[in-house]
Amino acid sequence: MKHRYITQEIKDVGNSVICDVCSKDWTSSPVSGGFLFGSYAYCPECAKTRLAGIKQYREESHIRAWCPKNLSFSAWVLKLRAGDNRIIYTTYKTKEER
Ligand SMILES: [Zn+2]
């Protein structure tokens with residue numbers, strides 16, 4: 001009989017803001033820019049370098065929001081999280097057991 005094991009690891013990242021694409025730390029940067037592509041926050045740099053590719057694949061509709069000019073990328077990401085700074089890692093394993 002197959003058994004499915006689901007484990008979750010929850011990490012609270014506090015106020016740190018890391019780009020979901022390049023992993024650069026933007027926590028204390030005042031720079032504005034970037035967008036939310038699906039559930040991924042693209043930093044101001046990745047937003048510039050990756051937008052052409054996104055357009056090429058006609059995936060602009062996945063861009064759910066743009067960072068407003070009056071907010072830094074980090075302030076905007078914190079606002080999007082609305083106090084929920086958890087990253088949840090879910091692992092699925094299927095084992096054959098009796
Ligand atoms: Zn980036």
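A residue is called buried here if 20 or more other C-beta atoms lie within 10 Å of its own. In this predicted model, helix α2 offers a good place to apply that term, since four names come up at once: the buried residues of α2 are Phe 73, Ser 74, Trp 76 and Val 77. Looking down the axis of α2, these buried residues fall within an arc of 160°, so they line one face of the helix. What that face meets is also clear, as the buried residues of α2 pack against β3 and α1.

The same helix takes part in the largest nonpolar core, which has 14 residues. Within this core, Cys 19, Tyr 42, Cys 43 and Phe 73 touch the most other members. At least two core residues come from each of β2 (35–37), β3 (40–42), α1 and α2 (73–81). The greatest contribution is that of α2, with three residues. As general background, nonpolar side chains tend to be buried together in soluble globular proteins.

Cys 43 gives a helpful view of the surroundings. Setting aside neighbours within four places in sequence, Cys 43 is in contact with Cys 19, Val 21, Cys 22, Lys 24, Trp 26, Gly 34 and Phe 73. Two of these partners, Cys 19 and Phe 73, are also named with Cys 43 among the core residues that touch the most other members.

Helix α1 comes next. This helix covers residues 44–56, 13 residues in all, and reaches 19 Å from its first C-alpha to its last. That span is close to the 18 Å expected at 1.5 Å a residue. Even so, α1 contains a kink of about 45°, centred on Arg 50.

The backbone also has some points worth a look. Arg 58, which follows α1, has a positive phi of about 55° although it is not a glycine. Arg 58 lies in the loop between α1 and β4 (63–66). With 8 other C-beta atoms within 10 Å, Arg 58 is exposed, because the cut-off for that class is 12 or fewer.

Ser 23 likewise has a positive phi, about 65°, without being a glycine. Its place is the loop between β1 (2–12) and β2. Ser 23 counts as exposed, with 8 C-beta neighbours inside 10 Å. A further positive phi, near 50°, belongs to Ala 82, the residue that follows α2.

Terms used:
Residues numbered from 1 in each chain as written. Predicted model: local features only at pLDDT ≥ 70, side-chain atom pairs only at ≥ 80, totals over all residues. Expected span 1.5 Å × (residues − 1). Bend = angle between axes of the 7 residues up to and from the residue. Core = buried A, V, L, I, M, F, W, Y, C linked by C-beta atoms within 7 Å. Contact = placed C-beta atoms within 7 Å. Arc of directions from axis to C-beta.
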